[in-house]
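Work through the exercises below with the sequence and the 3D view open. Try each task before you read its solution.

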Amino acid sequence: MTLTLTDVTLTYPDGDDRLTALDRVSLDVPAGSLTAVVGPSGSGKSSLLAVAATLVTPDTGRIVVDGTDTTDLGPAQKAVLRRDRVGIVFQQPNLLPSLTAAEQLQVMTHLSGGSVRGARDRAMELLDAVGLVDKAGRRPHQLSGGQRQRVNIARALMNEPGVLLVDEPTSALDHERGAAVLDLLVALTRQRSTATVLVTHDRTHLDRADRTVTMHDGRLTAPAPERL
Ligand code: ADP
Ligand code: MG
């Protein structure tokens, strides 16, 4: 499935004025492909993910998630769309301290009212896909930072989303582990045909992306300027 943003503008109140976080941004992410978004801090990268996820409603523009135009959806309909079609991976894994890796994933199925019996199998299948099946019984404090981030990614895929949005997943990881997480995201994108958007300030892994675009002051330019 695909993700399409057309002419999206988002402003935030800023004193008497308004700050333009996204300035007529258009982006088309085909199924099974990974688009990397780079750009300086404050350029609007997280805002781009927030509108793509329908967490924030833009001032103008259109967002089509997995074939559904979100423009006229109400808050409850957007919540269902997010739950069923959008996987979101935030920078911090924010796992629940008392749950095992498998339970972190199974909880997603409980939230969506899905079959509890199927949830265990799917959780184990995804933990296998991220190389953690032998850690299924561990709680977050028994996992390394890189392992927690992989649980976070597996959890985002639990409800089989068509769109996967990932915000700086490697920022807390060293180079090698960052590269492994990137390889994993590319492999999952292909296997599961997600339209994946990856925000990163780390340019070293960008050769793995299908395409790289740059945010600057809320505007998107493609392709990225010369690699650093
Ligand atoms: P990035 O992820 O590239 O660092 P953000 O999307 O977080 O950038 O922020 C873009 C701009 O919007 C920044 O100037 C930031 O201060 C501002 N901003 C982000 N979120 C809010 C908010 N909730 N309210 C007001 N301003 C915000
Ligand atoms: Mg950000």
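The exercises cover a ligand site, two sheets, a side-chain cluster and two backbone angles.

This is a predicted model: local features need pLDDT of at least 70, side-chain atom pairs count only at pLDDT 80 or more, and totals for chains, interfaces and linings use all residues. Residues are numbered from 1 along each chain as its sequence is written, chains are lettered from A and ligands numbered from 1 in the order written, and side-chain values use heavy atoms, with hydrogens and water left out.

**Exercise 1. The ligand shell**

Task: List the residues around ligand 1 and sort the shell by class.

Solution:
- Step 1. Collect the residues near the ligand (a heavy atom within 4 Å). They are Tyr-12, Leu-19, Ala-21, Pro-40, Ser-41, Gly-42, Ser-43, Gly-44, Lys-45, Ser-46 and Ser-47.
- Step 2. Sort them. Ala, Val, Leu, Ile, Met, Phe, Trp, Tyr, Cys and Pro count as nonpolar, Asp, Glu, Lys and Arg as charged, and the others, Gly among them, as polar. The shell around ligand 1 has four nonpolar, six polar and one charged residues.
- Step 3. Assign elements. Helices (H or I, at least four residues) and strands (E, at least two) are DSSP runs, numbered from the N terminus. The largest share of the shell, three residues, comes from α1.

**Exercise 2. Atoms facing the ligand**

Task: Find N or O atoms of Tyr-12, Gly-42 and Ser-47 that lie by ligand 1.

Solution:
- Step 1. Take the side chains. A polar atom of Tyr-12 lies 3.5 Å from a ligand nitrogen. A polar side-chain atom of Ser-47 lies 2.6 Å from a ligand oxygen.
- Step 2. Take the backbone. Gly-42 has an N or O atom 2.7 Å from an oxygen of ligand 1.
- Step 3. Check the cover. The protein covers 59% of the 560 Å² of accessible area that ligand 1 has on its own. The method is Shrake-Rupley with a 1.4 Å probe; for residues, only the protein chains shown count as cover.

**Exercise 3. Two sheets**

Task: Give the strand order and the edge strands of the four-strand sheet and the six-strand sheet.

Solution:
- Step 1. Two strands pair if DSSP finds at least two bridges between them.
- Step 2. The four-strand sheet is open and antiparallel, in the order β2-β1-β4-β5. Its edge strands are β2 and β5 (68-69), each pairing on one side only.
- Step 3. Look inside that sheet. Five bridges join β1 to β4 (residues 60-65). Thr-4 has Val-64 as its bridge partner in β4.
- Step 4. The six-strand sheet is open and mixed, in the order β6-β7-β8-β3-β9-β10. β6 (86-89) and β10 (219-221) each have a single partner strand, so one side of each lacks a neighbour in the sheet.
- Step 5. Five bridges join β7 to β8 (residues 195-199), running parallel. Asp-167 stands opposite Val-199 in β8.

**Exercise 4. Thr-11**

Task: Which side chains make polar contacts with Thr-11?

Solution:
- Step 1. Locate Thr-11 in strand β1 (residues 3-14).
- Step 2. Apply the cut-off: a pair of N or O atoms within 3.5 Å; within protein, one must be able to donate a hydrogen and the other to accept it, and residues adjacent in sequence count only if both atoms are side-chain atoms. Arg-18 qualifies at 2.7 Å. Asp-59 qualifies at 2.5 Å.
- Step 3. Classify. Buried means under 20% relative accessible area, exposed over 50%, partly exposed in between (1.4 Å probe, protein chains only). Thr-11 has 13%, so Thr-11 is buried.

**Exercise 5. Positive phi**

Task: Compare the settings of Arg-24 and Glu-168.

Solution:
- Step 1. Phi of Arg-24 is near 50°. Arg-24 sits in strand β2 and is partly exposed, at 48%.
- Step 2. Phi of Glu-168 is near 45°. Glu-168 lies in the loop between β7 (163-167) and α6 (175-192) and is buried, at 11%.
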